[in-house]
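Work through the exercises below with the sequence and the coordinates open. Each task is followed by a solution in steps.

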Amino acid sequence: MNDKLDNSKSQDQKDDFTLIRAFQRGEKASFDALVLRYKDRIFNLCLRFLGDYHEAEDTTQDVFLKTYNSLKRFRFESSFFTWLYRIAVNSCKNKVKSLEYRFRKTDARIGLSDEIFDGFQSEHREDGPGSPASDLESKEIMNLLQKAINSLPPDQRSVVILRDIQGLSYEEITDITGFKLGTLKSRLSRARGSLREKIGDIL
Amino acid sequence: MRQECPHIRQLLSEYIDCTLDSSEMSRVTEHLHVCGDCSRSHEALKSLIIRMGNIRPVEAPDDLLEKINDRIKGQSILDRLREALSFRRIGFPVELAAFAASAILLLFFFNFFPPEEKDIFLKPGNGKAELVMDRDSSPAQTAENQSSPVQSVDSPSSEGQTNPHRIEIKLALSLTTQDEAVPIPSQNASYGNSLIGSTPDDIYLWQTDNDKKTEKRVISPDEVNLKIDEIVLSVEGKESSRENDDVSGYPAHLTLEIPAVNYRRFITRLDGLGALQAPPPTLPEGSENGSVLIQMDLAPPQ
């Protein structure tokens with residue numbers, strides 16, 4: 001199974017490189033293809049990191065704009081996927097840090113928009129998935145979970161999102177964040193512990 | 001709580017991810033079998049991780065690609081420049097860049113403006129800028145001419161006057177004289193004297209003795225500048241710049257503003273300096289109440 005996954009990732013990387021080489025030769029359409037391949041993953045990373053649909057949309061645009069401007073200098077020394085994710089994580093961190101963002105972001109705003117609740121699957125409910133009661137409960141849990149994620153320091157937030165929501169491997173996360181493996185493990189452990197303290201009883 | 005519980009709980013995150021070595025994995029497993037508290041912590045953590053893993057991805061907005069392409073098209077020149085310079089990438093502080101830009105501007109300022117204009121800019125005061133002439137480069141300002149005719153220039157903004165009429169004049173300097181002359185007061189003038197100079201209070205004539213043989217004499221740059229001072233003063237002019245020829249030291253360019261009513265007198269007085277290269281321009285009718293800005297090129301001596 002791992003071999004299949006590795007093969008799939010290897011193929012993805014080859015496809016990415018083919019598109020990047022085409023872009024570097026001047027084929028602008030290749031960039032569109034790269035956006036379409038990664039837009040959902042990057043958007044979801046931004047959405048969970050920032051906890052706001054519109055901020056996530058803006059930041060995703062920023063990420064791809066930076067990618068577009070830097071892609072000519074891409075040297076194929078790392079995978080495009082980790083390179084893109086690195087841009088995305090740094091963009092999200094900067095967004096959080098930015099004064100503008102701090103000024104505009106209020107607790108009221110963290111009262112999340114409906115789009116963000118859509119991601120939380122209702123399951124194991126006695127009244128069955130998809131029922132109005134379970135949907136309401138799922139949204140409430142999602143709301144609390146997102147608030148708990150928002151309360152984490154950016155470094156912990158990034159590792160927990162990359163690992164537990166996006167499902168990346170430790171190796172990929174160290175490539176993206178630049179953390180050493182030990183640092184990554186301890187930050188992930190602290191982040192999970194913190195989330196469990198905040199919402200563990202509800203789950 | 002058992003003694004090893006705190007340590008075991010620290011390992012739970014890695015235990016769930018199966019990233020502990022085999023001996024630690026076994027140790028945690030055994031502990032969870034016998035410790036209810038740690039077992040519940042383990043279940044809660046596992047449940048949280050499963051929950052997060054079950055968060056269904058939200059689709060990116062449909063028009064995301066379109067918006068990205070719009071922003072790419074709309075990228076300003078400044079953005080591209082910023083990206084090209086990549087200050088952050090090369091660790092070049094923006095403050096240093098701003099300082100460098102200021103220095104370049106200052107350098108440009110000091111190289112672009114002639115020395116007199118620099119002084120005007122640098123010595124503002126009460127709406128007036130004092131014109132400080134360098135005595136070395138302007139021999140006209142000698143000790144005997146402390147109340148030089150041209151000492152200050154009003155800042156344009158302080159008066160709100162209408163723009164003066166601009167006139168350009170080219171003049172070939174007369175640098176030699178054949179006569180040995182002696183100044184006499186005008187009241188003593190008689191036939192045979194020729195008018196070649198004046199002072200503000202009295203008119204003096206230069207007496208020549210045609211009976212004496214005189215030698216041709218070259219007029220010095222100081223004398224020429226003094227003559228210019230006198231002319232400017234006599235027409236109530238305000239001189240704003242005078243440039244001397246670097247090699248000969250004779251004045252080569254003069255800019256002054258005079259009342260339009262004194263324009264004729266000014267042209268007449270130029271006879272004492274040299275010969276006009278072209279008929280003097282006439283002022284348009286109705287401009288008598290204004291002023292005339294004269295830019296004069298003086299042909300340097302050969």
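The exercises cover confidence, one helix, the chain contact, the cores, a sheet and two backbone angles.

This is a predicted model, in which local features need pLDDT of at least 70, side-chain atom pairs count only at pLDDT 80 or more, and totals for chains, interfaces and linings use all residues. Residues are numbered from 1 along each chain as its sequence is written, while chains are lettered from A and ligands numbered from 1 in the order in which they are written.

**Exercise 1. Find which parts of chain B have low pLDDT.**

Step 1. pLDDT is the predictor's confidence in each residue, from 0 to 100. Chain B averages 73, and 61% of its residues score at least 70.

Step 2. Compare the elements; helices (H or I, at least four residues) and strands (E, at least two) are DSSP runs, numbered from the N terminus. In chain B, strand E3 (residues 152-154) has the lowest mean pLDDT, 36, and H2(B) the highest, 94.

Step 3. Residues 116-160 of chain B fall below 50, yet this stretch has 57 contacts in the model beyond near neighbours in sequence. A contact requires C-beta atoms, placed from the backbone, within 7 Å. Residues 191-201 of chain B are also below 50, with 18 such contacts.

Step 4. Where pLDDT is low, the predicted coordinates should not be read in detail.

**Exercise 2. Check the length of H3(B) and list its buried residues.**

Step 1. The expected span of a helix is 1.5 Å times one less than its number of residues. For the 18 residues of H3(B) this gives 26 Å, which agrees with the 25 Å between its end C-alpha atoms.

Step 2. A residue is buried if 20 or more other C-beta atoms, placed from the backbone, lie within 10 Å of its own, exposed if 12 or fewer, and partly exposed in between. In H3(B) the buried residues are Cys38(B), His42(B), Leu45(B), Leu48(B), Ile49(B), Arg51(B) and Met52(B).

Step 3. The cover over these residues includes H1 and H2 of chain B, together with helix H9 (154-165) and helix H11 (181-199) of chain A.

**Exercise 3. Describe the contact between chains A and B.**

Step 1. Chain A contributes 34 residues and chain B 27.

Step 2. On the chain B side, H1 (5-17), H3 (36-53) and H4 (64-73) each supply at least two residues. H3(B) gives the largest share, eight residues.

**Exercise 4. Locate the nonpolar cores.**

Step 1. A nonpolar core is a set of buried Ala, Val, Leu, Ile, Met, Phe, Trp, Tyr and Cys residues joined through C-beta atoms within 7 Å. The largest has 55 residues, and Ile42(A) and Ala88(A) are among those with the most contacts inside it. Helix H2 (residues 28-50) of chain A gives the most, 11 residues.

Step 2. A second, separate core of 18 residues includes Leu173(B), Leu175(B), Ile258(B) and Val292(B).

**Exercise 5. Trace the pairing of E10(B).**

Step 1. Two strands pair if DSSP finds at least two bridges between them. E10(B) (residues 251-259) pairs in the antiparallel sense with E9(B) (residues 238-244) over six bridges; Leu256(B) is the bridge partner of Glu239(B).

Step 2. E10(B) also pairs in the antiparallel sense with E12(B) (residues 291-299), over seven bridges. There Pro259(B) stands opposite Ser291(B).

**Exercise 6. Place the positive phi angles of Phe76(A) and Glu236(B).**

Step 1. Most residues other than glycine have a negative phi. Phe76(A) has a positive phi of about 60°, and Glu236(B) one of about 55°.

Step 2. Phe76(A) is in the loop between H3 (53-70) and H4 (80-97) of chain A. Glu236(B) is in the loop between H10 (221-234) and E9 of chain B.

Terms used: Two residues are in contact if their C-beta atoms, placed from the backbone, lie within 7 Å.
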